[in-house]
Amino acid sequence: MQEPTSEELIIEASDLERRFGDTVAVDGLDLQVRRGEILGLVGPDGAGKTTTLRLLTGLVKPTVGSVRVFDHDAMRHPGRIHGRLGYMAQRFTLYADLTVQENLRFYGDVRGVRGKERAERNERLLGFAGLTEFRERLAGQLSGGMQKKLALACALIHEPDLLLLDEPTTGVDPVSRREFWDMLSELHSQGVTMVVSTPYMDEAERCSRVGLMFQGRLLACDTPVEIKGSVSWELLVVWPESLFEARHALEDMEWIEEVQPYGDQVRVLVKDADAALPRIQEAFDEASIEIRDIRPAPIRMEEAFVSLIQRQYGSQDTSAPQMMRDNHGDRHIEPDGEG
């Protein structure tokens, strides 16, 4: 991939490290964010996503390394970047005892947006977020999805060029998640640059590029297509009657690259899916292991992520597959919290 020019870069982090006592939250991170793209940060609990976003905003000082935003040092000259930056924290931080409209007015005042301009933007953002009819409702009485939309509207009141969003859809229903990402897509079409941490693999697929984080390190940063294409193996999905027996049987086969349990499935990476399918079926028959179905499937972001972790940290690390989830039901990567 062609290296971006300095004019294209909105964020440039170099050798970024942040320690909290003996804990390394971010470890040697190099990251570039291009103008007009959506960069997704994906990783399990403790991967360092929240700390990374706080470092990029200048809210947290790096132990080692540097961050430049809009070609300004984020720590030395925060005033030069904050007027062009919008930040949405993972937790709901608005005023629960103020109405929707009062929250927008307050954040407009904080950002120096007043008078007629503030009134016009308030109306536009209420419509954009689908909150016009709820303008007089207390923020604390909104549903989780509506609170997220209000928080985004407040982050947009000063019309920032860059948005940093920390797991903005965690804990909301699938319909609200879809509506929220429709809003982000519209902002993206208007040229707003975004960095979004997310626990959902389907959301990662909607990003221009994805940064996969694990234990404070950036394992890969590329387009979803390129990341999935980095896995040179093919995938077979097995639905066994006994997950434990099937997994144990498959892990003893040296010609299988990886075995990843997932819900009621066993996902198996092999060199040639067509050739491996009858061999796996035969092995199950010999071991008297019943299966409901077995079939090839396309590589997903999740398989690519787990494969990267196991390649770099070894197959001994079994925590990674257990932490990984996608958009089925309530299963997702656990949120970063303060880490």
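These are short exchanges on how features of this predicted model get their labels.

Residues are numbered from 1 along each chain as its sequence is written. Local features need pLDDT of at least 70, and side-chain atom pairs count only at pLDDT 80 or more, while totals for chains, interfaces and linings use all residues, and side-chain values use heavy atoms, with hydrogens and water left out.

Me: How many disulfides are there?
Reply: The count is 0. A disulfide is a pair of cysteine sulfur atoms within 2.5 Å.

Me: Why is cysteine 207 not bonded to its closest cysteine sulfur?
Reply: That closest sulfur belongs to cysteine 221 and is 10 Å away. The limit is 2.5 Å, so the pair is too far apart for a bond.

Me: What makes cysteine 207 buried and cysteine 221 partly exposed?
Reply: Buried means under 20% relative accessible area, exposed over 50%, and partly exposed in between (1.4 Å probe, protein chains only). Cysteine 207 has 6%, so it is buried. Cysteine 221 has 26%, so it is partly exposed.

Me: Why is strand β11 called mostly covered?
Reply: Strand β11 spans residues 234–240, and 6 of its 7 residues are buried. Strands are DSSP runs of E, at least two residues long; helices are runs of H or I, at least four; both are numbered from the N terminus.

Me: How do you know that β11 pairs with β13 and with β14?
Reply: Two strands pair if DSSP finds at least two bridges between them. β11 has 5 bridges to β13 (residues 265–270), so the two pair. β11 has 6 bridges to β14 (residues 291–297), so these pair as well. β11 runs antiparallel to β13 and to β14. Glutamate 234 stands opposite valine 270 in β13. Valine 238 has isoleucine 294 of β14 as its bridge partner.

Me: Why is tyrosine 95 called partly exposed?
Reply: Its relative accessible area is 39%, so tyrosine 95 falls between the two limits. Tyrosine 95 sits in the loop between β6 (85–88) and α3 (100–110). Together with Phe106 and Val110, Tyr95 makes a nonpolar surface patch of about 280 Å².

Me: What is the phi of phenylalanine 70, and why is this residue called buried?
Reply: Phi is positive, about 50 degrees, although phenylalanine 70 is not a glycine. The residue lies in the loop between β4 (64–69) and β5 (72–73). Its accessibility is 9%, so phenylalanine 70 is buried.

Me: Why does glutamate 167 count as buried?
Reply: Its relative accessible area is 0%, so glutamate 167 is buried. Glutamate 167 lies in the loop between β7 (162–166) and α6 (174–189). Its phi is positive, about 40 degrees, although it is not a glycine.

Methods
Patches are made of residues with over 30% relative accessible area and no salt bridge: like charges are joined within 9 Å, nonpolar side chains (Val, Leu, Ile, Met, Phe, Trp, Tyr) within 5 Å. Accessible areas come from the Shrake-Rupley method with a 1.4 Å probe; for residues, only the protein chains shown count as cover. A salt bridge is a side-chain nitrogen of Lys or Arg within 4 Å of a carboxyl oxygen of Asp or Glu.
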